[in-house]
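Me: I am new to this structure and would like a close look at one part of it. Could you take a single helix and explain, step by step, what surrounds it and how that part sits within the whole?

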Amino acid sequence: MKMIRAFIRPEKEQEVVLALEGAGFPSVTKMPVFGRGKQKGLQVGPVHYDELPKTLLMIIVDDEDEGKVVHLIQEKARTGFIGDGKIFVSPVDTAYTVRTGEEGL
Amino acid sequence: MKEIIAIIRRDKVPETKQVLEDLGYPSLTIQSVDGRGKQKGAMCAEMDSEMPESFCTAAKLKPTPSAYAIDHTLPKVALYVPKRMLTIVVPDDVVTKVVKSIMKVSRTGKHGDGKIFVAPIDGALRIRTGETDGEAIA
């Protein structure tokens with residue numbers, strides 16, 4: 001299993017989530033985060049924003065679905081301008097459902 | 001070392017914390033998150049049957065009840081349910097014990113009890129003392 005963490009623009013969140021649901025991945029955890037990237041924030045005239053608001057989507061998928069989900073997020077979250085965000089993928093050993101105690105997604 | 005990520009009901013947090021304390025692993029990080037699972041949020045599941053066939057045309061992806069609800073500004077749509085995410089880093093040998101205990105205490109038997117994920121952690125460092133790995137989480 002893989003954990004996909006996508007840092008995306010907050011305004012793109014709904015579009016991404018609905019697209020994932022349409023592709024058969026309805027489960028997602030989201031949280032608001034603040035961060036910066038290579039551009040060290042944002043400079044608007046004399047005002048410098050050090051940290052910018054993003055939405056973090058956390059999705060756990062089976063290994064074979066990883067590429068599909070990452071591409072879908074990329075396609076939907078992309079504007080082509082700086083600040084579209086990043087996607088990280090990391091390994092997950094096991095998943096449990098609390099209600100049933102079963103292993104697996 | 002393993003990282004246990006438990007996404008559970010908000011009202012089960014105090015009990016879960018108590019159980020972790022009793023087990024001897026009191027250290028944890030709590031975050032407020034919004035989540036959804038197979039049921040697609042609070043209301044979307046029951047909307048499945050209400051989505052008309054005509055909505056399914058011309059979309060590249062399979063359209064969804066939530067997409068329909070949002071498109072038509074229906075009041076029933078609730079994409080997310082508020083949850084608490086607990087992150088606990090424990091040694092390898094106690095992972096099963098901790099996971100089982102969390103599941104036992106935060107189970108209600110209804111949908112929405114949450115998920116627990118176990119992921120590997122490569123290293124740990126206690127900032128105050130500079131202790132690494134096993135010592136850092138002890």
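Reply: What follows looks at helix α1 of chain A, beginning with its chain and ending with the sheet and the contact between the chains. Please keep in mind throughout that this is a predicted model.

Chain A holds two helices and seven strands, and along the sequence these elements follow the pattern β-α-β-β-β-β-α-β-β. The C-alpha atoms of chain A fill a box of roughly 55 × 25 × 20 Å along the principal axes. Of its 105 residues, 27% count as buried, and among the contacts in chain A with a separation of 6 or more, residues 24 or more positions apart account for 67%.

Against that background, α1(A) covers residues 13–22. Seven of its 10 residues are buried, so the helix is largely enclosed by the rest of the structure. Those buried residues are A:Glu13, A:Val16, A:Val17, A:Leu18, A:Ala19, A:Leu20 and A:Glu21. What covers them includes β1, β2, β5 and α2 of chain A, together with α3 of chain B, which spans residues 65–71. After the helix comes A:Gly24, whose phi is positive, near 95°.

One of the covering elements, α2(A), which runs over residues 66–77, deserves a closer look, since its axis and that of α1(A) come within 9 Å and cross at roughly 145°. The crossing of α1(A) past α2(A) is right-handed. On the side of α1(A), the residues that meet the other helix are A:Glu15, A:Val16, A:Ala19 and A:Leu20, while α2(A) contributes A:Val69, A:Leu72, A:Ile73, A:Lys76 and A:Ala77. By character, the residues of this contact divide into seven nonpolar, no polar and two charged. A:Val16, A:Ala19 and A:Leu20 therefore appear both among the buried residues of α1(A) and in the contact with α2(A).

The strands named above belong to a wider arrangement. Nine strands form an open sheet in the order β6(A)-β1(A)-β5(A)-β2(A)-β2(B)-β3(B)-β1(B)-β4(B)-β7(A), and the pairing is antiparallel. The edge strands are β6 and β7 of chain A, each of which pairs on one side only, and the twist averages 25° from one strand to the next. The partner helix α2(A) packs on this sheet as well, touching β1, β5 and β6 of chain A, and its direction makes about 5° with that of β1(A). In chain B, helix α1, residues 13–23, also packs on the sheet, where it touches β1, β2 and β3 of chain B, with a direction about 10° from that of β3(B).

Towards the β7(A) end of that order, four bridges join β7(A), residues 94–97, to β4(B), and the two strands run antiparallel. Within this pairing, A:Thr97 has B:Lys115 as its bridge partner. On the other side, seven bridges join β4(B) to β1(B), again antiparallel, and B:Glu3 stands opposite B:Ala119 in β4(B).

Because α3(B) is part of what covers the buried residues of α1(A), the contact between the chains completes the picture. This contact takes 35 residues from chain B and 25 residues from chain A. On the chain B side, β1, β2, α3, α4 and β4 each supply at least two residues, with β4(B) giving the most, seven residues. The residues of that side divide into 16 nonpolar, nine polar and 10 charged.

Key
Residues numbered from 1 in each chain as written. Chains lettered and ligands numbered in written order. Predicted model: local features only at pLDDT ≥ 70, side-chain atom pairs only at ≥ 80, totals over all residues. Axes fitted to C-alpha atoms, helices over the stretch in contact; angles between N-to-C directions. Left-handed = near helix turned anticlockwise from the far one by under 90°. Contact = placed C-beta atoms within 7 Å. Nonpolar A, V, L, I, M, F, W, Y, C, P; charged D, E, K, R; others polar. Buried ≥ 20, exposed ≤ 12 C-beta atoms within 10 Å, placed from the backbone. Pairing = 2+ DSSP bridges.
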